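This briefing covers strand pairing, one helix and one part of the surface. Please read it alongside the sequence and the structure shown here.

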Amino acid sequence: MKSSSCLKNATLLRFLALLLGVQAMSSALLAMDSADTLPKGIWSPSIRIGYVSGIGQEYGSNGTLESLGDIHTMAFDATKLISIQPQAAQLVSALNQFGSQNLGDKINLGYLKFNIQPEINYYAPVFARGITDHWTIAIGAPIIHYSNNVGLESTGSNIDAIHSQVGYSSSQLNGAFNSLKVNLVTQAQQTLTSLGYKPLGQTNQTYLGDIQIASLYQFYHDDRFKVMAKTLIGLPTGPEADPNDLMSLDISGQTSLEQQFIVNYRLSAPLTLAGKVFYHYSFADHVDKRVPLDENDTLPAQDQTEKVTRKLGDAGGIGVSATYAAYERVAFSGGMELQTKAADRFSGSMPYDYAALSSATNTTYELMKLGVAYSTVTSYFKQESFLPFIASFEYSDTIAGVNMPRITTNELWLTMFF
């Protein structure tokens, strides 16, 4: 188990802030990375409903995709036993004297495996209004439901096999072997409890995330080009992570500012290309953290909890997309996004290893997006539809990354205008 969590939460923060970010637009068909704004005086309420899966897998520091269960599996071999129980060195040394097989070096208490099943559902009401024909203000409030089920199991112990191989004639060896015949799952939960952590198991949480305010200003447009500056402000309305809960989801309670520049180019009547660049800045704050004594202190004690100064790493990236209006009411979209984030920084006043909290918090990801939208806006102005609305569906998947969960999202977005 690592000191941060059985689920690496910190890398989700920037991604979900982007995912739950608010947008507003007035084009007849919803487009990825649109540079459109609402007409002056028009209100646009909408609701975004999404399901996030895949976060039980993670791209590691070398870009390899692994399950969190495999990443956090712990092997209790001879080296590990000696590091956590120094008196085990005597048993290892004694067993190595039996024959030429070095049985002591082969001793293994088994593997402690984690079965981790995190899921996130959300819905985000968004309210937007056209202040002028080229400036729109919007506000969104994500409601997040997070569930996780962490199961533990132990397998692969050879203690009984080696004990039977060396025999039961030595009472000293018998006592040493018997002390190692433990249930790793029970021992793990007891260790967590003794250190003040909540037991691993099931969790279900529903809460308000960080509210976002958006300003969308279209500062250039002609027959083919549109250019927009989009500013996103994140407010720390969501809860902070519980340092005593290894399953706590640390994706809220942050003040942030993101600046995007979006360009749309109408290549032909049905086809629009889009590009964007963005930079995300998180303001420094103070949060409760259990700080390790050193890099080997994977489960800091409760009395090592401190309100540390935290500065999440800045992030930047680019994106491209294309939207094809196949019919008057239907459009299809596809796009890619690349992002990189610097490592987080922590500091405090105690003689702790604050740098250990920053380990593997620098991230990159490559995101693929596909979408389809149905709009009645054009037909409404032709008096062929009763209400102007847009219904869209978007699928996105993290296809590559470093220190990043594989996040797959299915989102439905319903938008009205009046």
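Two strands count as paired if DSSP finds at least two bridges between them, and this criterion underlies the strand partners described below. The model is predicted, and the points that follow concern its strands, a helix and a nonpolar patch.

**Strand pairing**
- Strand β4 (residues 74–77) runs antiparallel to strand β5 (residues 108–116), to which 3 bridges join it, and within this pairing M74 stands opposite L112 in β5.
- Strand β5 also pairs with strand β8 (residues 143–155), in the antiparallel sense and over 6 bridges, with N115 standing opposite G151 in β8.

**Helix α7**
- The buried residues of helix α7 (residues 171–180) include L173, N174, F177 and L180.
- Because these buried residues fall within an arc of 125° when α7 is seen down its axis, they line one face of the helix.
- The face of α7 turned away from the buried side carries S171 and Q172, which are exposed.

**Nonpolar surface patch**
- A nonpolar patch of about 960 Å² on the surface is made by I131, W135, Y217, F219, Y220, F225, F261, V263, V277, I318 and L338.
- The elements that give two or more residues to this patch are β10 (212–221) and β12 (256–266), and the largest share, 3 residues, comes from β10.
- Y220, one of the patch residues, lies in strand β10, and it counts as partly exposed because its relative accessibility is 40%, a value that falls between the limits of under 20% for buried and over 50% for exposed.

Terms used:
Residues are numbered from 1 along each chain as its sequence is written. This is a predicted model: local features need pLDDT of at least 70, side-chain atom pairs count only at pLDDT 80 or more; totals for chains, interfaces and linings use all residues. Side-chain values use heavy atoms; hydrogens and water are left out. Helices (H or I, at least four residues) and strands (E, at least two) are DSSP runs, numbered from the N terminus. Buried means under 20% relative accessible area, exposed over 50%, partly exposed in between (1.4 Å probe, protein chains only). The arc is that of the directions from the helix axis to the C-beta atoms. Patches are made of residues with over 30% relative accessible area and no salt bridge: like charges are joined within 9 Å, nonpolar side chains (Val, Leu, Ile, Met, Phe, Trp, Tyr) within 5 Å. Accessible areas come from the Shrake-Rupley method with a 1.4 Å probe; for residues, only the protein chains shown count as cover. A salt bridge is a side-chain nitrogen of Lys or Arg within 4 Å of a carboxyl oxygen of Asp or Glu.
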